[in-house]
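Trainee: I would like to learn how to read a model like this one. Please take me through it feature by feature.

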Amino acid sequence: MTEPLVRADPAPPRRPRIPRLLQQPYFRRYWSAQTVSLFGDQITMLAVPLLAVLALGAGPAEMGYLTAASLLPNLLFSLPAGAWVDRYPRRRQVMIVADLGRAGLLLAVPLLWWTDALNLPLLCVVAFLIGILSVFFEVAHSSLFASLVRRQDYVDANSLISASRAMSDVAGPSIGGVLVQVLTAPVALVADVLTYLASGVFLTRIKVTERPAQTGPGLGMAAGVRYVARSAVLRAVLLGATTLNLFNYMFAALFVLYVTTELDVSPGLLGLIIGAGSFGGFLGAAVTGPLSRRIGIGPAVILGLVVFPAPLILVPLAGGPRPLVLALLLTAEFVSALGVMILDITAGSVQIAATPETMLAVVSGFRRTVNYGIRPVGALIGGALGATIGVRPALWIASLGALLGVLWVVFSPLRTMRDLPEE
């Protein structure tokens, strides 16, 4: 038997394929800044309330004040911050200052705690100021995104950022819980300080040509509102998302109460179900790009407006043997998380593409004002309905009502839109 003249070498192992956008150093740094910031936000969302409860003895009313203090800046400052950012030539600088400011404010919390000077009013002030800086960071983000990413890459770029958001939703609370358990809540906030500092460092290492500041008439807050009102595309997406948010926050106000009391699911098991369901977000981030290219960006938005709320019908429907109840809850969380990602990625890309670069920040601020403004309204209506007609009937109304949001988009130009719109 003869030996081959040349022995074939074994095939080299295949390296994991890095997404094309992450091979670009400036976008990679931008994405890294967003990723660490999202993880830090998750740690703060858990550590600050735990600090208020465990270290400061806050009760239900005090927790309401703290939550309101963190959310109020979205209602008060989103629109004026957007109008100001549009007239400021260095949006990246705004984001860096916001990161450093949030790091400094958070660092003050453990320092005040160690000196026995921390109290609930001070914590509310810190939460309010962090909320203001977060508003400036977020409204400046849209302008930097448009300067850094080519229009044809909007969906892929948003998919990568949304994948980071899904990852932070799954791992962030667990990391935050471990840090609070091991280090105590005040010390755990130091980890969030480091994430904001890391985000700021990544942003300083980005070189991007930002558009010049715009001046003159037609660029203020009123102009941003008028532009959205007159744009059939932006108006439909905003009204659809706002309708969905109204009913979704009615649902969110009652979900934990219903599942733990009516379905007798323990808090720990509920946390596992929500965490496992969040993996649907990873799937959504992975499939949205190919899906939108196959069926069109407009139909993909419509699909997200259906797939996000529709699975939640399974929650008031759940009943029967315990394994069936848990399977229905897990399915609802998983498929809904998938729908959230499809909607966030496609709608976010459409909104940026349909907005002139000179108005990106103010339009983003207006959207935040409306979307954040409707959330407490939905929560209040949900609580009132639950107390009046019962929790389960209220959940039926909320889960079915959320599907009405898609009607705004079905009867709009998005229904037949294949590609991202022009400005």
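Mentor: We will go from the overall fold to the helices, the cores, the salt bridges and a surface patch. Keep in mind that this is a predicted model.

Trainee: How many helices and strands are there in the protein?

Mentor: The protein has 16 helices and zero strands. Contacts add to that picture: among those with a separation of 6 or more, 89% join residues 24 or more positions apart.

Trainee: What share of the residues is buried?

Mentor: Of the 423 residues, 49% are buried. The protein exposes about 19600 Å², and carbon and sulfur atoms supply 68% of that area.

Trainee: How far apart are the end C-alpha atoms of helix H1, and what span should its residues have?

Mentor: Take 1.5 Å a residue and compare the result with the distance between the ends. Helix H1, residues 25-55, has 31 residues and should span 45 Å; its end C-alpha atoms are 43 Å apart, so the two values agree. Just after H1 comes Gly-57, with a positive phi of about 65 degrees.

Trainee: What does the reckoning give for helix H14?

Mentor: H14 covers residues 360-389, and its 30 residues should span 44 Å. Its end C-alpha atoms are 43 Å apart, which agrees. Gly-390 follows H14, and its phi is positive, near 105 degrees.

Trainee: Now the interior. Which residues have the most contacts inside the largest nonpolar core?

Mentor: That core has 64 residues, and those with the most contacts inside it are Phe-27, Tyr-30, Phe-145, Tyr-154, Leu-203, Val-350 and Leu-414. Helix H4 (residues 120-148) gives the most to this core, with eight residues. Another core, of 26 residues, lies apart from it and includes Ala-52, Ala-69, Leu-105 and Cys-124.

Trainee: Which residues is Val-350 in contact with, leaving aside neighbours within four places in sequence?

Mentor: Val-350 is in contact with Val-233, Val-237, Ile-297, Val-301, Leu-414, Leu-420 and Pro-421.

Trainee: How many salt bridges does a search of the whole structure find?

Mentor: The general idea is that side chains of opposite charge can pair when their charged atoms come close. Here the search finds three salt bridges. One joins Arg-102 and Asp-99, at 2.8 Å from N to O. Both residues lie in helix H3 (residues 91-114), three residues apart, about one turn of the helix. Both are also buried.

Trainee: Are Asp-153 and Arg-150 buried or partly exposed?

Mentor: Those two form a salt bridge, with their closest N and O atoms 3.0 Å apart. Buried means under 20% relative accessible area. Asp-153, with 4%, is therefore buried, whereas Arg-150 counts as partly exposed at 46%.

Trainee: Where in the chain do Asp-156 and Arg-293 lie?

Mentor: Their side chains meet in a salt bridge of 3.1 Å, N to O. This pair links distant parts of the chain: Asp-156 is in helix H5 (residues 154-183) and Arg-293 in helix H10 (residues 279-295), 137 residues apart. Asp-156 is partly exposed, with a relative accessible area of 23%, and Arg-293 is exposed, with 53%.

Trainee: Last, the surface. Which residues form a nonpolar patch there?

Mentor: Leu-72, Leu-75 and Leu-76 form one, with about 240 Å² of accessible area together. Leu-76 is found in helix H2 (residues 60-86). With a relative accessible area of 46%, Leu-76 is partly exposed.

Notes: Residues are numbered from 1 along each chain as its sequence is written. This is a predicted model: local features need pLDDT of at least 70, side-chain atom pairs count only at pLDDT 80 or more; totals for chains, interfaces and linings use all residues. Side-chain values use heavy atoms; hydrogens and water are left out. Helices (H or I, at least four residues) and strands (E, at least two) are DSSP runs, numbered from the N terminus. Buried means under 20% relative accessible area, exposed over 50%, partly exposed in between (1.4 Å probe, protein chains only). Contact means heavy atoms within 4.5 Å. Accessible areas come from the Shrake-Rupley method with a 1.4 Å probe; for residues, only the protein chains shown count as cover. The expected span of a helix is 1.5 Å times one less than its number of residues. Patches are made of residues with over 30% relative accessible area and no salt bridge: like charges are joined within 9 Å, nonpolar side chains (Val, Leu, Ile, Met, Phe, Trp, Tyr) within 5 Å. A salt bridge is a side-chain nitrogen of Lys or Arg within 4 Å of a carboxyl oxygen of Asp or Glu. A nonpolar core is a set of buried Ala, Val, Leu, Ile, Met, Phe, Trp, Tyr and Cys residues joined through side-chain atoms within 4.5 Å.
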